[in-house]
Each structure stands twice: as structure tokens, then as C-alpha cells.
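Please open the model in your viewer and keep the sequence beside it, since this tour moves from one selection to the next. At each stop, select what is named and compare it with the text.

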Amino acid sequence: DLAVYETRAEAPVAQVVDEALDADVITFTAASTVTNTLAALDDAQSARLAHGPAVVSIGPITSQAARDAGLQVAMEATDSDIPGLVTAVIAALATE
């Protein structure tokens, strides 16, 4: 097997995590970003994510991973690409 790419989780900087959790929207672009983000958060930060920024996903697999992790998905991109994600973010912000 030839690995085309490998997802690696990096330890987040505490200030960056706090700023992200204070945002209006947080985006997830893959199921692994949901898993890795939640693994990097402590319990208090996970609670902030669950009740803080609107969660926007790039598509149905990512949305299901977020739901399985206990997050409420505010918006899902219709087209699973960056322009679709941007459209979903704009729509999520318009409904707040």
C-alpha cells in the first residue's frame, strides 16, 4: 500500500484553542478533524465547544462524526469543497 497522505494531530496552543472556542463558527473538514480536535480538548473546552460556536461541516461523513461526538451541526456544506464550506458558514452566520 502506498500512503497518499497521513493525518497527524498536533498539540494545540492554549491561546489558539481559547480563541477558536470564542469564535462564532468552527469548521470541520474531515471526520478526523472532529476526532483530533476533541481529543486535544480538556473537559471544560469540550463543553465550550458543545455549547459555543456553531459547528459547520464540509459534508455528511464529517457531520455524522460530529454528531457521534455529541456536537450539534448547525450547517453542512451542500458541495463538499471549500467554496461549499464557505457558503455553509455564511448561511450559519445568517441564521444566528
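In which helix is the place of Val17? Select Val17 and you will find it in helix 1, where helices (H or I, at least four residues) and strands (E, at least two) are DSSP runs numbered from the N terminus. Before going on, note that this is a predicted model, in which local features need pLDDT of at least 70 and side-chain atom pairs count only at pLDDT 80 or more, while totals for chains, interfaces and linings use all residues. Residues are numbered from 1 along each chain as its sequence is written, and side-chain values use heavy atoms, with hydrogens and water left out.

Val17 has a relative accessibility of 10% and counts as buried; buried means under 20% relative accessible area, exposed over 50%, and partly exposed in between, with a 1.4 Å probe and protein chains only. Add Asp43 to the selection: the C-alpha atoms of Val17 and Asp43 are separated by 13 Å, and the two residues are 26 apart along the chain.

Next, select Arg48 together with Asp18. Their side chains meet in a salt bridge, 3.2 Å from N to O, a salt bridge being a side-chain nitrogen of Lys or Arg within 4 Å of a carboxyl oxygen of Asp or Glu. This pair links distant parts of the chain, because Arg48 is in helix 3 (residues 43–51) and Asp18 is in helix 1 (residues 14–21), 30 residues apart. Arg48, at 31% relative accessibility, is partly exposed, and Asp18, at 34%, is partly exposed as well.

Keep Arg48 selected and add Asp22, which forms a salt bridge with Arg48, the closest N and O atoms being 2.7 Å apart. Asp22 lies in the loop between helix 1 and strand 1 (25–28) and Arg48 in helix 3, so this pair ties together parts that are 26 residues apart in sequence. Asp22 is exposed, with a relative accessible area of 57%. Asp18, Asp22 and Arg48 are thus linked in a network of salt bridges, and a search of the whole structure finds two salt bridges.

For the pocket, select Pro12, Thr33, Asn36, Thr37 and Ala40, which are the closest to the centre of the largest pocket among the 18 residues that line it. A pocket, on a 1 Å grid over the protein atoms alone, is an open set of points where a 1.4 Å probe fits, with protein on both sides within 12 Å along at least five of seven lines, and lining residues have an atom within 4 Å of a point. The volume of this largest pocket is about 360 Å³. Helix 2 gives the largest share of the lining, six residues, and the lining divides into twelve nonpolar, five polar and one charged residue.

Now select Met75 in strand 3 (residues 73–76), which is partly exposed at 22% relative accessibility. Its C-alpha atom and that of Val55, 20 residues apart along the chain, are separated by 6.8 Å.

Finish at Ile90 in helix 5 (residues 82–95), which is exposed, with a relative accessible area of 55%.

Conventions. Points joined across faces, edges and corners; volume = space filled by probe spheres on them. Nonpolar A, V, L, I, M, F, W, Y, C, P; charged D, E, K, R; others polar.
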